[in-house]
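Please work through the exercises below with the sequence and the coordinates at hand, trying each task before reading its solution.

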Amino acid sequence: MTSPRSANNFQVLLDSQYGLATQTQLAPYGYARPRLRHLVETGQWVAVLRGIYAVTNGPLTRQMALMAALLYAGPRAILSHRTAAEEWRILPVDPTKPIHVTVPYGESAKCQSPTYVSPPAAGARPLPLVGDLRHPGVVVHRSRAQAHIAVDGIFPRTKKTDTAIDLAVGEPSARAAHSSLIATVTNANIRLDDIRGCLEQRAPRRYRKALDAAVALLASGVQSVLEHRYVVDVEEAHGLPVSRKQSPVVVDGRTLYEDCDYSDVGVPLLVRLDGKRVHAVPQVAFRDRRRDNAAELAGRPRLTFGYEEVTEKPCAVAAEVEHVLARNGWVRKNPRQLPCL
């Protein structure tokens, strides 16, 4: 018979782990393998992952799915890669994606396939949602720098900087890694010096040149994914001159910033890049109207492009920019680039 003190300790364990426990943790409380098998087969408990049990038979919450993955991978496991990005709110949570964890080299944890709700044994209580996804599975990574990349908490995870680099390194190509790092750094407001330091201290296993190039582009003033696409797909791909990014301009006594300024090549052209969401804010719309008026009063030509134009029709964007540049005296010194031929 379980003593009151033992029962209390058992409840504390479950409360601290969202109703989950490992087979090893359950053994001291009298839950040997035959008893666990009976509880699962009769639908009272759930085998979430190999050796991990939930003391309820309902669907798992997000917290339960994360805790199950950490318990499965061992006491030194931390959330990483896409899962860490979701917890940092860098990426939206997708409950169908596997939970990514990182463990130190030498740990024995292996990747775990997704688990599904299975029919109960004959005569057992009925279970809803038979066949539905129970747990999305676990992807196990290994690191020699485990002690230096973790942030402690109920759900320990990789630092923002390490998460950003892990996401980039996990991309299928160098170009995708380049874009990924810029997107993560700008969207998550990660300090550029922190990313530089992380790349120096923990050299990525691939795409180092692409990641260094992304850092250099960010250092040049690029502050969004849209600006990055403009530089790569419009300026570089079409042989246009490099504009000055985030060029300061004083409007109504306030210092604002133009996305792309071609004054350095002798043309006063300003190119403004409109993101998807910012103009729903009245203050931002007013600011941009005042900035437009200031440019007009200064006699400066300006073009404005949205995300769809830059990403879907970069050749058309480049043609308009080149037309204004040439009209104001810029002369192309290199042959016209191939994308639009």
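The exercises that follow concern a predicted model, and each task is followed by a worked solution.

**Exercise 1.** Determine whether Lys245 is buried or exposed, and describe the surroundings of its side chain.

*Solution.* Begin with the location: Lys245 belongs to strand 11, which covers residues 244–251. Next, take the relative accessible area of Lys245, which is 9%; because buried means under 20%, Lys245 counts as buried. Then look for polar partners: the side chain of Lys245 makes a polar contact of 3.3 Å with the side chain of Glu235, and a polar atom of the Lys245 side chain lies 2.9 Å from the backbone oxygen of Ser243. Finally, leaving aside residues up to four places away in sequence, Lys245 touches several others, including Val222, Val231, Glu258 and Asp259.

**Exercise 2.** Establish which residues of strand 5 point one way and which the other, and how strand 5 is joined to strand 4 and strand 8.

*Solution.* In a regular strand, side chains alternate between the two faces of the sheet. In strand 5, Ile99, Val101 and Val103 point one way, whereas His100, Thr102 and Pro104 point the other way, and all are buried. Now turn to the pairing: strand 4 runs antiparallel to strand 5 and is joined to it by 2 bridges, with Leu79 opposite Val101. Strand 8 runs parallel to strand 5 and is joined to it by 6 bridges, with Thr102 opposite His141.

**Exercise 3.** Characterise the lining of the second largest pocket.

*Solution.* The volume of the second largest pocket is about 390 Å³. Of its 18 lining residues, those closest to the centre are Arg142, Asp166, Val169, Arg202 and Arg205. Strand 8 and helix 7 each supply at least two residues of this lining, which by class has 7 nonpolar, 6 polar and 5 charged residues.

How values were computed
Residues numbered from 1 in each chain as written. Predicted model: local features only at pLDDT ≥ 70, side-chain atom pairs only at ≥ 80, totals over all residues. Heavy atoms only, no water. Helix = DSSP H or I, 4+ residues; strand = E, 2+ residues; numbered from the N terminus. Buried < 20%, exposed > 50% of the residue type's maximum accessible area, 1.4 Å probe, protein only. Polar contact = N/O pair within 3.5 Å; in protein donor to acceptor, adjacent residues only side chain to side chain. Contact = heavy atoms within 4.5 Å. 1 Å grid on protein atoms, 1.4 Å probe; cavity = no way out; pocket = protein on both sides within 12 Å on 5 of 7 lines; lining within 4 Å. Points joined across faces, edges and corners; volume = space filled by probe spheres on them. Nonpolar A, V, L, I, M, F, W, Y, C, P; charged D, E, K, R; others polar. Pairing = 2+ DSSP bridges.
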